[in-house]
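Please look over the sequence and the model shown below before reading on. The paragraphs that follow lead from one part of the fold to the next.

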Amino acid sequence: MHETKFANEIIFILKHKLEPDALSKPLVVNVRLSPLSHVTPQSLKEAFKVAAESEHFPNELKLSIKTMEFDVYCKECKKISKASAPIFNCPRCKSTDLDIQKEREFIIDSVEIAV
Ligand SMILES: [Zn+2]
């Protein structure tokens with residue numbers, strides 16, 4: 001499942017890309033999830049919790065999930081709009097002739113120490 005893959009990407013970052021002493025502090029992992037992904041924030045949180053527990057991290061880990069925006073190109077009015085939810089009509093001219101830019105479904109933005 002995709003949520004497991006995304007959760008494992010976060011675990012990889014935590015294990016290999018942080019300063020060695022970072023895992024003694026409570027951390028917040030900031031990620032963005034595409035609204036076009038079939039992975040929901042809830043399922044990602046659950047998958048991350050399971051993955052993190054099996055790693056026995058000593059510290060508190062929180063996941064902050066934001067919605068990723070994506071570009072929608074309208075072939076009718078030739079304008080690009082931003083959307084953060086599934087979209088079926090151009091927001092400007094209501095045309096349904098759209099090209100939706102599906103880039104990535106999931107991005108890890110940063111890991112920061114919780115305050
Ligand atoms: Zn349009």
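Which residue stands opposite Ser81 in strand 4? It is Val72 that stands opposite Ser81, and this pair is a convenient entry to the model, which is a predicted one in which local features need pLDDT of at least 70 and side-chain atom pairs count only at pLDDT 80 or more, while totals for chains, interfaces and linings use all residues. Residues are numbered from 1 along each chain as its sequence is written, and side-chain values use heavy atoms, with hydrogens and water left out.

Strand 3 covers residues 70-74 and pairs with strand 4 in the antiparallel sense over four bridges. Helices (H or I, at least four residues) and strands (E, at least two) are DSSP runs numbered from the N terminus, and two strands count as paired if DSSP finds at least two bridges between them. Strand 3 also runs antiparallel to strand 5, to which three bridges join it, and here Cys74 stands opposite Leu98 in strand 5. Strand 3 is mostly covered, since four of its five residues are buried, where buried means under 20% relative accessible area, exposed means over 50%, and partly exposed lies in between (1.4 Å probe, protein chains only).

Strand 4, residues 80-83, has side chains that alternate: Ser81 and Ala83 point to one face and are buried, whereas Ile80 and Lys82 point to the other and are not. Lys82 is exposed, with a relative accessible area of 56%; its C-alpha lies 10.0 Å from that of Gln101, a residue 19 positions apart from Lys82 in sequence.

The hairpin of strand 3 and strand 4 has five residues between the strands, and Lys78 lies in this loop. Most residues other than glycine have a negative phi. Lys78, however, has a positive phi of about 60° although it is not a glycine, and its relative accessible area of 56% makes it exposed. A further positive value is found at Lys94, also not a glycine, with phi near 70°; Lys94 is placed in the loop between strand 4 and strand 5 and, at 56% relative accessibility, counts as exposed.

The zinc ion comes next. Its protein donors are Cys74 (SG), Cys77 (SG), Cys90 (SG) and Cys93 (SG), lying 2.3 Å from the ion, and in sequence these residues follow the spacing C-x2-C-x12-C-x2-C. Cys74 lies in strand 3 and Cys90 in the loop between strand 4 and strand 5 (98-100), so the pair ties together parts that are 16 residues apart in sequence. Donors are N, O and S atoms within 2.8 Å of the metal (3.2 Å for Na, K and Ca), and water is not among the atoms, so sites may look incomplete. The angles among the four donor atoms are 104 to 116°, and the site is tetrahedral, a label given to four donors if all angles lie between 85 and 135 degrees. For comparison, the ideal angle for four tetrahedral donors is 109.5 degrees. Both Cys74 and Cys90 are buried.

What lines the largest pocket? Its lining has 15 residues, of which Met68, Phe70, Gln101, Glu103 and Arg104 lie nearest the centre, and the lining divides into four nonpolar, three polar and eight charged residues. In this division Ala, Val, Leu, Ile, Met, Phe, Trp, Tyr, Cys and Pro count as nonpolar, Asp, Glu, Lys and Arg as charged, and the others, Gly among them, as polar. A pocket is an open set of points on a 1 Å grid over the protein atoms alone, where a 1.4 Å probe fits, with protein on both sides within 12 Å along at least five of seven lines, and lining residues have an atom within 4 Å of a point. About 200 Å³ of space lies in the largest pocket.

Helix 1, residues 2-16, holds Thr4, which is partly exposed with a relative accessible area of 40%. Thr4 and Ala51 are 47 residues apart in sequence, yet their C-alpha atoms are 7.9 Å apart in space. Glu9 is also found in helix 1 and is partly exposed, with a relative accessible area of 27%; the C-alpha atoms of Glu9 and Phe106 are separated by 9.7 Å, with their positions 97 residues apart along the chain counted as sequence separation.

Notes:
Grid points are joined across faces, edges and corners, and a volume is the space filled by probe spheres set on the points. Four donors count as tetrahedral if all angles lie between 85 and 135 degrees; four count as square planar and six as octahedral if opposite donors are over 155 degrees apart and all others between 65 and 115; anything else is irregular.
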